[in-house]
Amino acid sequence: MQLSSTEPGPWSSIFNNKTIGELDWEGNIVWQWGEQAPGGAARQHHDWTRLPNGNTLILSSVEQPISGISTEPITDQAIFEITPAGEIVWKWTLGEHLHELGIAPEGFAYLQKFVVQNKARTGGFATFNNMDVLGNNHWFAAGDDRFHPDNIIVDAREGNFIAIIEKATGKIVWQLGPNFPDRYDVPHGRIQNPTIPRPVDQISGQHDAHLIPEGLPGAGNLLVFDNQGSAGFPPAALGMFSGSRVLEINPITKEIMWQYTGENSGRPVWSFHSSFISSARRLPNGNTLIDEGMYGRIFQVTPDGEIVWEYVSPHFGQLVLPTGKILSSNWVYRAQSVPYDWVPGGDCSIAAPDRSCRSNYISDSRCFSRQLTFL
């Protein structure tokens, strides 16, 4: 978690992170990093993960020139692997691999203009919002080296692409986007298209892209919250009927195998919409836990789209906008289920969102009895 920031900043200082650390259940710091980072500040944002070797992988920001965009240093996305002693043993930056993504010339022209107009933007021109190792998966077991368990999946909110980085070489070995086939006369046609399976169409501003872990229904498929928020180089066209969707994608064929929109619950597509943050996770019973982040709404749907559990966070905090204006918000960046024995001593009140054990047991057998943790 963020332990300190260099100075107050927009979006709750997420991009002004000075130190990050690990706390025990009593709140004691057991590990932290920041002073040994480039520039003396971690600048970690959105994601980090502990590796099997004890090292820590973090998503961060660095300033550097980027070929084809700017000769002056601008904010770039970086991934560091850090030992328990704080030494950086592996580093990757997007700017050094940007040309591997197949961005069209008009995309680079837009980025050049974007950089000039947004010099003060602290999140970077691509804004990675997700970073994790792939872990064990049947694609690699079947011989596809692109899905090596050590490889890293990233999600560029501003760039409308998801990519897998080969840990051994740093090369991008798999990607979805930034260019998509879109065969509809109106952009909101993609939100209202029930055809399954079908080729992935235009995703925009997506979050929480990850492979469904082995042992869960849909294992190996890519699950992503497709915000359909404004994003892209240049920005993708969005429909009049604003709505988000959750997509389950076969990463080999790049086809949509399952989807959720508001219509799957018998509601208009605009009834389910979060243009930023948000997440979706597959549960052992085949249901999907969805975080409609803008509104702090967390709910669980069956494969058919029936809502069988729902919770809206009553916890509001201060949100500092880039303009400096302070708002009150109950937004939730990400939600995931955790087993009860995750909390030491059986005190589920620590992790339960409503601070009670009883309400975490769902009477409907179609639901999966778990605690929630949300960020």
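This is a short chat about burial, salt bridges and strand pairing in a predicted model.

Student: Why is Asp 47 called buried?

Tutor: Asp 47 has 8% relative accessibility, and buried means under 20%, so Asp 47 counts as buried. Arg 334 also comes out at 8%, so the label is buried there too.

Student: What makes Asp 47 and Arg 334 a salt bridge?

Tutor: Their closest N and O atoms are 3.1 Å apart. The cut-off is within 4 Å, so the pair qualifies. The two sit in distant parts of the chain, 287 residues apart: Asp 47 is in the loop between strands E3 and E4, and Arg 334 in the loop between E22 and E23. Both also belong to a network of salt bridges with Asp 208 and Arg 281.

Student: And why is Arg 146 called partly exposed?

Tutor: Arg 146 has 30% relative accessibility. Partly exposed runs between the 20% and 50% limits, so that's where Arg 146 falls. Its salt-bridge partner is Asp 144, at 2.7 Å between the closest N and O atoms. Asp 144 has a relative accessible area of 18%, under the 20% limit, so it's buried.

Student: How do you know that Asp 201 and Arg 245 form a salt bridge?

Tutor: The N to O distance is 2.6 Å, and within 4 Å is what's needed, so they pass. Asp 201 lies in the loop between E12 and E13 and Arg 245 in strand E15, so the pair ties together parts 44 residues apart in sequence. Both residues are buried.

Student: Why does Asp 76 have no salt bridge?

Tutor: The nearest side chain of opposite charge, Lys 91, is 8.3 Å away. A salt bridge has to be within 4 Å, so Lys 91 doesn't make the cut. Asp 76, in strand E6, is buried all the same.

Student: What makes the pairing of Asp 76 with Gln 64 a polar contact?

Tutor: Their side chains come to 2.8 Å, and the limit is within 3.5 Å, so it counts. The backbone nitrogen of Gly 95 also lies 2.8 Å from a polar atom of the Asp 76 side chain.

Student: How do you know that E14 and E15 pair?

Tutor: Five bridges join these antiparallel strands, and at least two are needed, so they pair. Leu 223, for one, stands opposite Glu 248 in E15.

Student: What makes E12 and E13 edge strands?

Tutor: The five strands of this open sheet go in the order E12-E16-E15-E14-E13. E12 and E13 each have a single partner strand, so one side of each is left without a neighbour in the sheet.

Conventions. Residues are numbered from 1 along each chain as its sequence is written. This is a predicted model: local features need pLDDT of at least 70, side-chain atom pairs count only at pLDDT 80 or more; totals for chains, interfaces and linings use all residues. Side-chain values use heavy atoms; hydrogens and water are left out. Helices (H or I, at least four residues) and strands (E, at least two) are DSSP runs, numbered from the N terminus. Buried means under 20% relative accessible area, exposed over 50%, partly exposed in between (1.4 Å probe, protein chains only). Lys and Arg count as positive and Asp and Glu as negative; His and the chain ends are not counted. A polar contact is a pair of N or O atoms within 3.5 Å; within protein, one must be able to donate a hydrogen and the other to accept it, and residues adjacent in sequence count only if both atoms are side-chain atoms.
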